[in-house]
Amino acid sequence: MHLHNPFQITFYKVNIKNWIYKKSRLFDLVNWDDKDCWTDSHFSDFYRLGTDYRRPIVEILKEEFDHLGKNLNLPLVMKSLWAQRYLSSHFMQPHNHGPTGLSFVLYADFDSTHPPTTFYSPFPCPMRGDVIEYKPDVKEGDILFFPSMLLHFCEPNNSRFQRTIFSGNIIVN
């Protein structure tokens, strides 16, 4: 008997080198006090016009993005980027990023009390028919790259500590 697994979904996890130094540089790029970016469920500058710090982020994380590009043997182009922060009880509803290529979550303020992103398989379990969930093993300073079309969400933050991420979409040329 030969095992065939044609419908595999691949995630890539990269740990950021010199994380403490890079973290402070990343956080300085965002106006965390912008009241227009706060909702009842979280902070997000996703819809903030004029917010574009893709170039500085790519420069700060050049080593990590280059590492992924070399492993994929493809050039990567940052299409969009935003920051999100979740205080106690804040969450993000299920969503996907469309058919853009790859997306990522950089876990910037994250500890063992925070839930990781939950991902849903685009197809049910072939043996039982139920929904397949994936909760990656991540820690602060990790970037998780995943197919943009995957449905995912963030459970409510039940910690007393804020949970901060940077997220974005990458076009694979």
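Let me start with I16: leaving aside residues up to four places away in sequence, I16 touches K22, L61, E64, L106, G141 and I143. Keep in mind that this is a predicted model. I16 is found in the loop between β1, residues 12–15, and α1. Its relative accessibility is 3%, so I16 counts as buried. One of those contacts spans a long stretch of chain: I16 and G141 are 125 residues apart in sequence, yet their C-alpha atoms are 5.4 Å apart in space.

Next, the helix that follows. Which residues of α1 are buried? In α1, residues 19–27, these are W19, K22, K23, L26 and F27. They lie on the same side of α1, because they cover an arc of only 130° around the axis. As a reminder, an α-helix has 3.6 residues a turn, so residues three or four places apart point the same way. The exposed residues I20 and Y21 sit on the face of α1 turned away from the buried side.

What covers the buried residues of α1? The cover includes two helices, α2 (54–60) and α3 (62–72), and the strands β3 (76–86), β5 (102–109) and β10 (163–172). Within α1 itself, the charged end of K23 sits over the ring of F27, 5.6 Å from the ring centre.

That brings me to the aromatics. A search of the whole structure finds 19 aromatic pairs. Take W32 and F166: their centres are 6.4 Å apart with 80° between the planes, an edge-to-face pair. W32 is in the loop between α1 and β2 (43–44) and F166 is in strand β10, so this pair ties together parts that are 134 residues apart in sequence. Are these two residues buried or exposed? W32 is buried, with a relative accessible area of 13%, and F166 is buried too, at 1%.

A second pair is F46 with W82. Their ring centres are 4.7 Å apart and the planes stand at 85°, so this pair is also edge-to-face. F46 lies in the loop between β2 and α2, and W82 in strand β3, so the parts tied together here are 36 residues apart in sequence. F46 counts as partly exposed at 40% relative accessibility, whereas W82, at 5%, counts as buried.

Back to W32, to finish. Ring pairs link W32 into a cluster with F27, W38, F43, Y53 and F166. W32 also has a charged neighbour: R85 lies over the face of W32, 3.8 Å from the ring centre. F27, in the cluster, is the ring under the charged end of K23.

Technical notes: Residues numbered from 1 in each chain as written. Predicted model: local features only at pLDDT ≥ 70, side-chain atom pairs only at ≥ 80, totals over all residues. Heavy atoms only, no water. Buried < 20%, exposed > 50% of the residue type's maximum accessible area, 1.4 Å probe, protein only. Helix = DSSP H or I, 4+ residues; strand = E, 2+ residues; numbered from the N terminus. Arc of directions from axis to C-beta. Contact = heavy atoms within 4.5 Å. Phe/Tyr/Trp six-rings, centres within 6.5 Å; stacked < 30°, edge-to-face > 60°. Lys NZ or Arg CZ within 6 Å of the ring centre and 35° of its normal.
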